[in-house]
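Open the model in your viewer and keep the selection tool at hand. The tour below goes stop by stop.

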Amino acid sequence: MLSIKRSVWGTFFAMLGSIGYYAAYVVIIIRAVDGSVSIGELAFLAGSFRQLRSLLEGILSRFTSVSQGAIYLRDFFEFFEIKPKIKPADHPLPFPKTILQGFTFEDVGFRYANSDRWANRHLSFTLHPGEKLALVGENGAGKTTLVKLLARLYDPTEGRILLDGKDLQEYDIADLRLNVGIIFQDYLRYQMTFAQNIAVGNISQQHNRPLIEASAKQSLADTLAAKLPEAYDQQLGKRFAQGVELSGGEWQKVALARAYMRDAQLLILDEPTSALDARAEYNVFEHFAELTKGKSAVLISHRFSTVRMADRILVLEKGELVEIGSHQELIKKDGRYAELFNLQAMGYR
């Protein structure tokens, strides 16, 4: 609508300017014919009109540029006026030093704003302390939304999530997120140094080099740093002259190190090894199993070799929980999980 109005008024003023410009020419030509204006004055006035028209067009184009910029400037200020939908509790509770009962979903459902479709619905299960839980399902089944609810990046539309028997919304948000290490499949590749790329996992420890190197070792990214000319101070990305571009699998190891930058009681890995080869994936998860002893972990993966490492597997379909149990239990049940497992296994036969 705004574009239509701008086009209409722009056309109107352009036509008005053209009519005035040529009308002035007609007037001075008529006056030159009846002798009121000499030929020299005619040439002078014609040149003046031409120059004046150019000046006026320049002024109007600047007004147009300002009006176009004002539209985006309004969006810019509206962006700063956005308030977070996740509201802190009036008297927030500190995150428990040791999780005793775990995270419990009680008939949890979530629907994105302005959407009629439920991303998750009727989720009821418990993530026990120290348990490794894998989420399985086709694309769009609601796996990533579930872990975002667990990390309280979203609040449930219905139902509630409990941590040690108390609503997750009662806990201090900052403290909660410090105790959750999470890497999503759409992680960012920062045009910064190797060390800084890892430090963004816990920005308050960006100058803690021993912690950064320990995190890299845990994700097996330390062997990558050893191959770089400037090791942990190597600039990554091609925006800088001395920058080095990494492969997809190498970037994934760097991103995985961010999760280890926090001494988190809960680790969430969303497709953490999708770009790694089979040997690298095996080494990462073998190491991961050792590092997460006594900690809770949630894994999202389409590779059943990874999923089998979990204590329990939760199967989602259209946002709802359809099966939960260990690998052996779900295979014996011969349900949705067994179907997906056998479909993938057929590719290796």
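Select Phe 80 in this predicted model. Phe 80 is exposed, because its relative accessibility of 55% is over the 50% cut-off. Now add Phe 76, also in helix 2 (residues 39–80). Phe 76 has 44% relative accessibility and so counts as partly exposed. The two residues sit 4 apart in helix 2, which means about one helical turn separates them.

Show the rings next. Across the whole structure, a search finds 9 aromatic pairs. One of them joins Phe 76 and Phe 80 edge-to-face, with 4.8 Å centre to centre and 85° between the planes. Extend the selection to Phe 77 and Phe 79: together with Phe 76 and Phe 80 they form one aromatic cluster. Turn on the surface. Leu 73, Phe 76, Phe 77, Phe 79, Phe 80 and Ile 82 make a nonpolar patch of about 680 Å².

Move to Arg 258, in helix 8 (residues 248–259). Is Arg 258 buried or exposed? Its relative accessible area is 8%, so Arg 258 is buried. Follow the side chain: it reaches the backbone oxygen of Leu 188 at 3.0 Å. Display the surroundings too. Beyond its neighbours within four places in sequence, Arg 258 is in contact with residues including Ile 183, Tyr 187, Tyr 190 and Asn 197. Finally, pick the C-alpha atoms of Arg 258 and Asn 202. They are separated by 7.3 Å, although the residues are 56 apart along the chain.

Note on methods. Residues numbered from 1 in each chain as written. Predicted model: local features only at pLDDT ≥ 70, side-chain atom pairs only at ≥ 80, totals over all residues. Heavy atoms only, no water. Buried < 20%, exposed > 50% of the residue type's maximum accessible area, 1.4 Å probe, protein only. Contact = heavy atoms within 4.5 Å. Polar contact = N/O pair within 3.5 Å; in protein donor to acceptor, adjacent residues only side chain to side chain. Patch = residues over 30% accessible without salt bridge, like charges linked within 9 Å, V, L, I, M, F, W, Y side chains within 5 Å. Areas by Shrake-Rupley, 256 points an atom, 1.4 Å probe, with all protein chains shown as cover. Salt bridge = Lys/Arg side-chain N within 4 Å of Asp/Glu carboxyl O. Phe/Tyr/Trp six-rings, centres within 6.5 Å; stacked < 30°, edge-to-face > 60°.
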